[in-house]
Amino acid sequence: MSDNLIKILSFNTFSKEDIVTLLSVKSEAEREHVFNKAESIREESVGKNIYLRGLIELSNICEKNCLYCGIRAGNKQVERYIVSEKDVIASINHALEKNYGSVVIQSGERTDEEFVEMIDGVIKKIKTISDGKLGITLSCGEQTPETYRKWYKSGAHRYLLRIETSDPELYYKIHPQNKKHFLVNRLVALRHLREIGYQVGSGVMIGLPGQTVSQLADDLLFLKQMDVDMVGMGPYIEHKHTPLYQFSNNLIPKAERLNLSLVMIAVLRIMMKNINIASSTALDSLDSNGRLLAIKAGANVLMPNLTPVKYRENYFLYDNKPYLTEADELVENIGSSEILKGYLIKLGEWGDSAHFFPDRNKIGLCKIQL
Ligand code: 5AD
Ligand code: SF4
């Protein structure tokens with residue numbers, strides 16, 4: 001173990017150079033050292049709890065054309081769907097039966113009135129069917145403040161909007177350069193969410209073509225500066241029917257991408273002690289235990305997939321997306337998992353971010369220069 005690594009891990013705050021050093025660790029032993037530090041911070045700040053959010057991938061209809069995403073508008077090979085009302089109700093009941101405590105409504109991005117009303121209806125349905133018991137996270141992209149406010153009033157209280165990368169140059173390499181994909185609009189949307197009162201989450205993709213460790217260090221500093229309450233970040237996984245696929249020869253190998261993603265989570269946990277960090281589904285495309293390894297690296301939220309199976313093959317954001325069968329076996333068997341011995345699965349709780357307190361909405365993110 002290098003003395004430098006031990007020294008850096010004893011610091012209270014990290015410089016960019018420190019983060020680059022941590023993200024560059026190469027040996028198993030050094031990685032374990034970083035994970036152990038993250039684990040001890042996690043234990044003293046948020047405990048060994050794991051919160052569950054049943055994920056409903058409500059619709060794959062999307063107006064956007066992100067160059068990496070399998071359900072981008074330009075991919076004509078995808079059959080588009082909206083989960084029927086009957087199936088939404090079945091998924092909500094499924095979450096209640098399993099006592100998951102919270103659900104996440106994720107969807108491709110649309111801003112038309114019909115969509116806004118549909119999401120609003122689903123939020124209200126979740127609240128009535130569960131008698132107010134289920135917490136609700138939304139992940140439905142960039143919307144106007146009016147829309148965000150409407151959904152908040154109907155009962156949504158957490159919102160995840162990934163920035164994907166904080167580096168403007170890389171951002172425009174992975175998005176079309178037009179007004180539907182302006183980086184500044186995402187920052188403005190995050191600010192609106194915060195001002196309205198949501199617990200706000202963001203995140204990035206790890207291992208994008210040409211992405212450097214220096215850019216990833218900036219991503220972590222960016223999330224810290226934004227003072228987000230939650231983070232969902234995971235590996236970039238190529239998808240054949242997307243423009244970014246042509247750069248697949250410029251990717252780090254999958255085993256390294258997994259390790260880098262896990263170290264990113266661990267370093268973030270050390271930097272932002274009491275936030276909620278979700279274990280991203282994309283990790284399971286790299287290793288069948290990927291999501292569990294992320295918990296050991298510092299994540300504290302798991303999202304079992306509740307989308308009815310018949311829709312799932314059309315929600316392939318990336319190749320090899322797992323879980324085409326009804327049960328999310330990993331979560332079903334979590335109690336007996338050797339890897340997760342000693343962790344507590346919290347059932348029936350919202351599992352809000354310990355980092356969030358309402359008055360902070362007036363500070364933090366709102367200081368960000370746009
Ligand atoms: N690999 C990994 N994650 C992806 N996402 C979209 N496409 C991919 C991909 N190819 C993620 C983005 C988006 C979220 C819904 O899914 O980060 O915000
Ligand atoms: Fe649409 Fe989100 Fe995919 Fe972009 S990443 S194309 S906004 S679903």
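**Exercise 1.** Place Gln106 in this predicted model: state which strand holds the residue, whether Gln106 counts as buried or exposed, and what its side chain contacts.

*Solution.*
Step 1. Gln106 belongs to strand 3, which covers residues 102-107.
Step 2. The relative accessibility of Gln106 is 18%. Buried means under 20%, so Gln106 counts as buried.
Step 3. Leaving out residues up to four places away in sequence, Gln106 touches Leu55, Ile56, Glu57, Leu58, Ser59, Ser139 and Tyr315.
Step 4. With Tyr315 there is also a polar contact, side chain to side chain, at 3.1 Å.

**Exercise 2.** Describe the site of ligand 2: where the ligand sits, which residues are around it, and how they divide by class.

*Solution.*
Step 1. The largest cavity is where ligand 2 sits.
Step 2. Around ligand 2 are Cys62, Lys64, Cys66, Tyr68, Cys69, Ile71, Arg72, Gly108 and Glu109.
Step 3. Sorted by class, this shell has five nonpolar residues, three charged and one polar. Cys and Tyr count as nonpolar and Gly as polar.

**Exercise 3.** List the surroundings of ligand 1 and find which atoms of Tyr68, Arg162 and Ile237 pair with the ligand.

*Solution.*
Step 1. The residues surrounding ligand 1 are Tyr68, Cys69, Arg162, Glu164, Met205, Pro235, Tyr236, Ile237, Leu317 and Tyr318. Tyr68 and Cys69 are also among the residues around ligand 2.
Step 2. A nitrogen atom of ligand 1 lies 3.0 Å from a backbone N or O atom of Tyr68.
Step 3. For Ile237, a polar backbone atom is 2.7 Å from a nitrogen atom of ligand 1.
Step 4. Arg162 takes part through its side chain: an N or O atom there is 2.7 Å from an oxygen atom of ligand 1.

**Exercise 4.** Tyr68 appears in the lists for ligand 1 and ligand 2. Work out where Tyr68 is found, whether Tyr68 counts as buried or exposed, and what it touches within the protein.

*Solution.*
Step 1. Tyr68 is in the loop that runs between strand 2 (54-59) and helix 4 (85-98).
Step 2. Its relative accessibility is 10%, so Tyr68 counts as buried.
Step 3. Apart from residues up to four places away in sequence, Tyr68 touches Glu164, Ile174, His175, Met205, Tyr236, His239, Thr242, Leu244 and Leu317. Glu164, Met205, Tyr236 and Leu317 are also among the residues surrounding ligand 1.
Step 4. The side chain of Tyr68 makes a polar contact of 2.9 Å with the side chain of His175.
Step 5. Asp3 is 65 residues from Tyr68 along the chain, and their C-alpha atoms are separated by 39 Å.

Technical notes. Residues are numbered from 1 along each chain as its sequence is written. Chains are lettered from A and ligands numbered from 1 in the order in which they are written. This is a predicted model: local features need pLDDT of at least 70, side-chain atom pairs count only at pLDDT 80 or more; totals for chains, interfaces and linings use all residues. Side-chain values use heavy atoms; hydrogens and water are left out. Helices (H or I, at least four residues) and strands (E, at least two) are DSSP runs, numbered from the N terminus. Buried means under 20% relative accessible area, exposed over 50%, partly exposed in between (1.4 Å probe, protein chains only). A polar contact is a pair of N or O atoms within 3.5 Å; within protein, one must be able to donate a hydrogen and the other to accept it, and residues adjacent in sequence count only if both atoms are side-chain atoms. Contact means heavy atoms within 4.5 Å. A residue is near a molecule or strand if one of its heavy atoms lies within 4 Å of it. On a 1 Å grid over the protein atoms alone, a cavity is a set of points where a 1.4 Å probe fits but cannot get out, and a pocket is an open set with protein on both sides within 12 Å along at least five of seven lines; lining residues have an atom within 4 Å of a point. A molecule sits in a cavity or pocket if more than half of its atoms lie within 2 Å of its grid points.
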